[in-house]
Each structure stands twice: as C-alpha cells, then as structure tokens.
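Work through the exercises below with the sequence and the coordinates at hand. Each task is followed by a stepwise solution.

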Amino acid sequence: VEIPSSGPQAANDATAKAPLGVLYRHNGNVYRYVQFDNGDDNVAAVVGAVAYWKTLAPASGSFVVTCDISSAIGSGVNLVAGVLGVIVTDQYYTWIQVGGKCTAQTAASTTTGDACIYGTDKAFGRDAANSVADVAFGIALDARQTTLGSNTVLLHNLIW
C-alpha cells in the first residue's frame, strides 16, 4: 500500500497503489481505496464531493465510485460510498473518506444537526435535525459554508 506523504485524501493514482476496497486509518479518519469513474453524464470530481457506488463487487475486487448519481447503482439511492478529498481524474484511483470528520458538499439549506442523506450529483441531501426519514450517512456539525457549498460532516454508516 502506498500512501501520499500529504495523506490518503490526496491520492490521484493512474495505477492502483493498494488493493481496491481496503480500509486505512489516518489521523482519526477512515478511508477506502477505490477507482473513480465520471459516469455517463461525465460528472467530474471536486474536493468534498459525495461519491456513490457505480460498481460494488467485493468478491471480484471491483470498487468503483462516481459523482454522477444517475450512473450509480439504483440511481444512488442509499448507496453513498464516501467523500472525495481531492480532484480525481476519470478512471484513476483514490482514497475516499468513509469515517470521521470531513468537509463535504451539501444541500443549500443544510445546517448544524441535519442528517446528511443521499442527494444529487456530488452533494449530500439533508433531513432536518430530529426528523430523519432516510438513511443518514453523516451529521452536519456546523452551518453551511455558502461560498464553498459545504458543511463539516461527521460520517457514519459507510464502514463495513
């Protein structure tokens, strides 16, 4: 396993540097090594983008994610894979964050205490605090940073 000196969140590897699907702990966070695919709608990666499972076949070693919700398994519904920490080139490999605290793209109205649920291309949707109706993949820890379109999110339900 090769980890960039700046941490796993910085990986943008043309060839795989770790077994796909492997988990790695770094500075209190958990990451999974995957391949990134822009999907049918060519949705490019951005820092903090929510990634959905495009192909998930652990027995054959296929762990492919996309930010294009229409290319995700089941159109992304409840199939959040993790959050990107770097701009990843199409068909390259990276570590997505699956546990711990991160900055993630979120719905415009997301605020402290809201549940982060499956949403749209690159971003979590939201369920208002104390009214969770969907599977939550994180909790917003602060008010939304409108210039960045993101919140600090504590991820959960992604490590398996």
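**Exercise 1.** Which residue in β8 does C116 stand opposite? Place C116 among the strands on either side.

Solution. The model is a predicted one.
Step 1. Take strand β7, residues 115-120, and strand β8, residues 123-127; they pair in the antiparallel sense over four bridges.
Step 2. Read off the partner: C116 stands opposite R126 in β8.
Step 3. Inspect the turn. The hairpin of β7 and β8 has two residues between the strands, and K122 takes a positive phi near 70 degrees there.
Step 4. Turn to strand β9, residues 138-140. This strand runs antiparallel to β7 and is joined to it by two bridges.
Step 5. In β9, C116 has G138 as its bridge partner. C116 is thus placed by R126 in β8 and by G138 in β9.

**Exercise 2.** Determine how many disulfides the model contains, and explain the state of C102.

Solution.
Step 1. Recall the chemistry: a disulfide is a covalent bond between the sulfur atoms of two cysteines.
Step 2. Set the cut-off: the two sulfur atoms must be within 2.5 Å.
Step 3. Find the cysteine sulfur closest to that of C102. It belongs to C116 and is 8.5 Å away, so the pair is too far apart for a bond.
Step 4. Repeat the search from C116. The nearest cysteine sulfur is that of C102, at 8.5 Å, and C116 is in no disulfide.
Step 5. The count under this cut-off is zero disulfides.
Step 6. Check accessibility. C102 is buried, because its relative accessible area is 8%; C116 is buried too, with 0%.

**Exercise 3.** Are F36 and A57 buried or partly exposed? Give a through-space neighbour for each that is remote in sequence.

Solution.
Step 1. Locate the residues: F36 is in strand β2, residues 29-36, and A57 is in strand β3, residues 50-57.
Step 2. Apply the cut-off of 20% relative accessible area, under which a residue is buried. F36 has 0% and therefore counts as buried. A57 has 26% and therefore counts as partly exposed.
Step 3. Compute C-alpha separations. F36 and I96 are 60 residues apart along the chain, with 9.6 Å between their C-alpha atoms. For A57 and G21, 36 residues apart in sequence, the C-alpha distance is 9.6 Å.

**Exercise 4.** Which members of the largest nonpolar core touch the most other members? Describe the surroundings of two of them.

Solution.
Step 1. The core has 32 residues, and those touching the most other members are F36, V65, V80, L84, I96, F124 and L155.
Step 2. Assign the core to strands: β2, β3, β4 (62-66), β5 (80-84), β6 and β10 (150-155) each supply at least two residues.
Step 3. List contacts, leaving out residues up to four places away in sequence. For F36 they include V43, V65, L84, V88 and Y92. For I96 they include V30, V34, V65, V83 and L84.
Step 4. A second, separate core has six residues, among them A11, A18, Y31 and W95.

**Exercise 5.** Find the backbone oxygen that the side chain of T94 reaches.

Solution.
Step 1. T94 lies in strand β6, residues 93-105, and counts as buried because its relative accessibility is 1%.
Step 2. The T94 side chain reaches the backbone oxygen of A11 at 2.6 Å.
Step 3. Beyond four places in sequence, T94 touches residues including A11, R32, Y33 and V34.

Key. Residues numbered from 1 in each chain as written. Predicted model: local features only at pLDDT ≥ 70, side-chain atom pairs only at ≥ 80, totals over all residues. Heavy atoms only, no water. Buried < 20%, exposed > 50% of the residue type's maximum accessible area, 1.4 Å probe, protein only. Pairing = 2+ DSSP bridges. Contact = heavy atoms within 4.5 Å. Polar contact = N/O pair within 3.5 Å; in protein donor to acceptor, adjacent residues only side chain to side chain. Core = buried A, V, L, I, M, F, W, Y, C linked by side-chain atoms within 4.5 Å.
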